[in-house]
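Dear colleague,

Please find below the structure that I am handing over to you, with its sequence. My notes on what was found in it follow.

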Amino acid sequence: MPSAQPLQFFLDINVPAGRDQEVAALVEQIVAMTEQYDRRSLSYHFFFNADRSKIFGIEIHADEAALVSHMETVGELAAALFSIANVERVVALGAMSPDLRSALAPFNPVFHEERIAGFTR
């Protein structure tokens, strides 16, 4: 059952050789749009590895409604990104509705929904 707890996502994204600048430009646009319009996206960071063949992404959204809003906001840019780079792995943390799980299914995420304990400062 979804809750008002933050949802966290960790992504491994493969970047085709020679397309790192194009992918970086799309990621920068997505981050800028998220920062401007998705006020309930709490943390949003992406990092290249040393040879720029992979990106590691960290997303934290206030709750399920914030994530759904975010998906709507960046949908077109995300589609453009994922037409070039492919998501290798997604780890999703937090309780999510069946509808949200279905929306995320194309990325074949690993779900960890039952929170045991923890805090954020």
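Alanine 92 stands opposite phenylalanine 111 in β5. Strands such as β5 are DSSP runs of E of at least two residues, helices are runs of H or I of at least four, and both are numbered from the N terminus. This is a predicted model, in which local features need pLDDT of at least 70 and side-chain atom pairs count only at pLDDT 80 or more, while totals for chains, interfaces and linings use all residues. Residues are numbered from 1 along each chain as its sequence is written, and side-chain values use heavy atoms, leaving out hydrogens and water.

The sheet

Strand β4 (residues 86-93) pairs with β5 in the parallel sense, over 3 bridges; two strands are said to pair if DSSP finds at least two bridges between them. As general background, strands of a sheet pair through backbone hydrogen bonds, either parallel or antiparallel.

How are the 5 strands ordered in the open sheet? The order is β2-β3-β1-β4-β5, and the pairing is mixed. At the edges are β2 (41-48) and β5 (110-112), each of which pairs on one side only. From one strand to the next, the twist averages 10 degrees. Such angles run from 0 to 180 degrees between N-to-C directions, and the axes are lines fitted to C-alpha atoms, for helices over the stretch in contact.

Strands β2 and β3 pair in the antiparallel sense over 7 bridges. Within this pair, phenylalanine 47 has phenylalanine 56 in β3 as its bridge partner. On the other hand, strand β1 (residues 7-14) is joined to β3 by 8 bridges, and these two strands also run antiparallel. Leucine 7 stands opposite histidine 61 in β3.

Side chains alternate along β3: Ile55, Gly57, Glu59 and His61 point to one face and are buried, whereas Lys54, Phe56, Ile58 and Ile60 point to the other and are not. Here buried means under 20% relative accessible area, exposed over 50%, and partly exposed in between, with a 1.4 Å probe and protein chains only.

Serine 41

Serine 41 lies in strand β2 and stands opposite histidine 61 in β3. Is serine 41 buried or exposed? It counts as buried because its relative accessibility is 13%. A polar contact of 2.9 Å joins its side chain to that of histidine 61. A polar contact is a pair of N or O atoms within 3.5 Å; within protein, one must be able to donate a hydrogen and the other to accept it, and residues adjacent in sequence count only if both atoms are side-chain atoms. Leaving aside residues up to four places away in sequence, serine 41 touches Thr34, Ile60, His61 and His70, where contact means heavy atoms within 4.5 Å.

Helix α1

Helix α1 has 18 residues and reaches 25 Å from its first C-alpha to its last, close to the 26 Å expected at 1.5 Å a residue; the expected span is 1.5 Å times one less than the number of residues. Which residues of α1 are buried? They are Asp20, Val23, Ala24, Leu26, Val27, Ile30 and Thr34. These residues lie on the same side of α1 because they cover an arc of only 165 degrees around the axis, the arc being that of the directions from the helix axis to the C-beta atoms. What covers them includes β2, β3 and α2 (64-82). On the other side of α1, Gln21, Glu28 and Tyr37 are exposed; for glutamine 21, the relative accessibility is 64%.

Two loop residues

Arginine 52 belongs to the hairpin formed by β2 and β3, which has 5 residues between the strands. Its phi is positive, about 60 degrees, although arginine 52 is not a glycine. In general, most residues other than glycine have a negative phi. Arginine 52 counts as partly exposed because its relative accessibility is 34%. Glutamine 21 and arginine 52 are 31 residues apart in sequence and 9.1 Å apart in space, C-alpha to C-alpha.

Asparagine 108, in the loop between α3 (98-104) and β5, likewise has a positive phi, near 50 degrees. At 63% relative accessibility, asparagine 108 counts as exposed.

Yours faithfully,
A colleague
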